[in-house]
Amino acid sequence: MIEWFTYLQVGVAVVAGLLCLALGFAGRQPNDYSMGATLVVELLLIAQLVVAIVSPFAGNPPRGSLPEFYIYMISALLLPPLAGFWALLERNRWSTVVLGVICLAVAVMVYRMYQIWVFQVA
Amino acid sequence: MTANSSSRAVGVGRVLIAVYAILALAATGRSVFQIIDRFSEAPLAFSLSALSALVYILATVALIMRGDTWYRVAWATIGFEFVGVIVVGTLSVFVPSLLGLHGVDPFGRQSTVWSAYGLGYLLIPLALPVLGMIYLHRRRPSVVSVAPVQTAGS
């Protein structure tokens with residue numbers, strides 16, 4: 001993992017999550033802003049996956065457990081698409097809130113992945 | 001609101017279900033990994049962790065499904081979680097050795113979803129059953145069945 005990219009990703013996911021929560025509690029259906037923010041979160045996760053695959057070969061191996069890391073990685077990758085499909089099927093404010101909750105969950109998971117990579121001693 | 005109001009997957013309930021699903025995923029992923037990787041370190045704690053994961057999955061399903069039976073299943077699973085987080089949380093803080101744990105650290109390698117009342121999960125495991133029970137109480141069948149517009153045959 002790359003430190004600055006990870007912090008950027010956590011920051012974006014938190015902002016996206018708060019945006020979706022605000023839109024949802026304001027009564028908005030899922031729209032281009034909330035869906036777009038969730039899409040950005042997902043794209044950054046895919047980028048992070050690529051970084052995680054390449055990093056060990058570039059002299060940046062994880063200190064913690066790689067399987068544990070990938071359990072978080074794969075779980076995190078699944079969440080935004082699931083919430084996104086739900087938002088397409090059920091168009092009301094609570095789907096927007098769900099998008100926000102998912103983005104915040106991704107932020108926590110990415111931070112946890114970073115802990116595993118950098119701090120955890122296997 | 002649409003006609004099939006007997007499903008609990010409507011309104012604010014869907015947020016509750018989403019959070020339950022995330023927690024089920026988190027507890028399942030973590031307990032499976034801990035059991036595969038280091039079961040012998042704290043067998044009791046990790047077994048409880050796996051049990052809690054199964055209960056979270058069942059609770060998520062029960063909240064989505066409709067009907068009286070699933071309503072009772074939802075109560076049973078959510079009640080079990082509440083008792084679990086209180087009992088295991090208390091034990092993990094005051095007598096961690098009873099669970100075979102070496103410390104209280106809610107973020108450590110032996111921590112589970114219920115350790116220290118779910119502190120490692122932002123106390124969501126403690127808050128969620130309470131919110132769930134409030135929600136179930138407000139959407140109990142006797143209240144829901146009074147709601148207008150029943151579809152034919154359901």
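**Chains A and B: the interface and its salt bridges**

Glu90(A) has a relative accessibility of 34%, so this residue counts as partly exposed. Its partner across the interface is Arg14(B), and the two side chains meet in a salt bridge with N to O at 3.5 Å. Keep in mind that this is a predicted model. Here's a quick run through the contact between the chains, the build of chain A and the charged pairs.

**The cross-chain salt bridge**
- The rule finds one salt bridge across the interface of chain A and chain B, and that's the Glu90(A)–Arg14(B) pair.
- Arg14(B) sits in helix α1 (residues 13-38) of chain B, while Glu90(A) is in the loop between α3 and α4 of chain A, so the pair joins two chains.
- Arg14(B) is at 1% relative accessibility and therefore counts as buried, the cut-off being under 20%.
- As for polar contacts, one residue pair turns up across the interface, with both residues at pLDDT 80 or more.

**What chain A brings to the contact**
- Two elements of chain A, α3 (66-89) and α4 (93-118), give two or more residues each to the side that touches chain B.
- Of these, α4(A) gives the most, with nine residues.
- Sorted by class, that side of chain A has 14 nonpolar, four polar and three charged residues.

**Size of the interface**
- Chain A puts 21 residues into the contact and chain B puts in 16.
- About 1400 Å² is buried between the two chains, and carbon and sulfur atoms give 73% of that.
- On the chain A side, Ile71(A), Trp86(A) and Trp94(A) lose the most area to chain B, together 32% of what that side buries.

**Chain A on its own**
- Chain A has four helices and zero strands, in the order α-α-α-α.
- It runs to 122 residues, of which 48% count as buried.
- Among its contacts with a separation of 6 or more, 84% are between residues 24 or more positions apart.
- Its accessible surface is about 6000 Å², with 74% belonging to carbon and sulfur atoms.

**The other salt bridges**
- Over all chains the count is three salt bridges.
- One of them pairs Arg112(A) with Glu68(A), with the closest N and O atoms 3.9 Å apart.
- That pair links distant parts of the chain, 44 residues apart: Arg112(A) is in helix α4 and Glu68(A) in helix α3.
- Both Arg112(A) and Glu68(A) are buried.
- In chain B, Asp37(B) and Arg38(B) form a salt bridge, with the closest N and O atoms at 3.2 Å.
- Asp37(B) is partly exposed at 43% relative accessible area, whereas Arg38(B) counts as buried at 6%.

Conventions
Residues are numbered from 1 along each chain as its sequence is written. Chains are lettered from A and ligands numbered from 1 in the order in which they are written. This is a predicted model: local features need pLDDT of at least 70, side-chain atom pairs count only at pLDDT 80 or more; totals for chains, interfaces and linings use all residues. Side-chain values use heavy atoms; hydrogens and water are left out. Contact means heavy atoms within 4.5 Å. Buried area is the accessible area (1.4 Å probe) that two parts lose on being put together, summed over both. A salt bridge is a side-chain nitrogen of Lys or Arg within 4 Å of a carboxyl oxygen of Asp or Glu. A polar contact is a pair of N or O atoms within 3.5 Å; within protein, one must be able to donate a hydrogen and the other to accept it, and residues adjacent in sequence count only if both atoms are side-chain atoms. Ala, Val, Leu, Ile, Met, Phe, Trp, Tyr, Cys and Pro count as nonpolar, Asp, Glu, Lys and Arg as charged, and the others, Gly among them, as polar. Buried means under 20% relative accessible area, exposed over 50%, partly exposed in between (1.4 Å probe, protein chains only). Accessible areas come from the Shrake-Rupley method with a 1.4 Å probe; for residues, only the protein chains shown count as cover.
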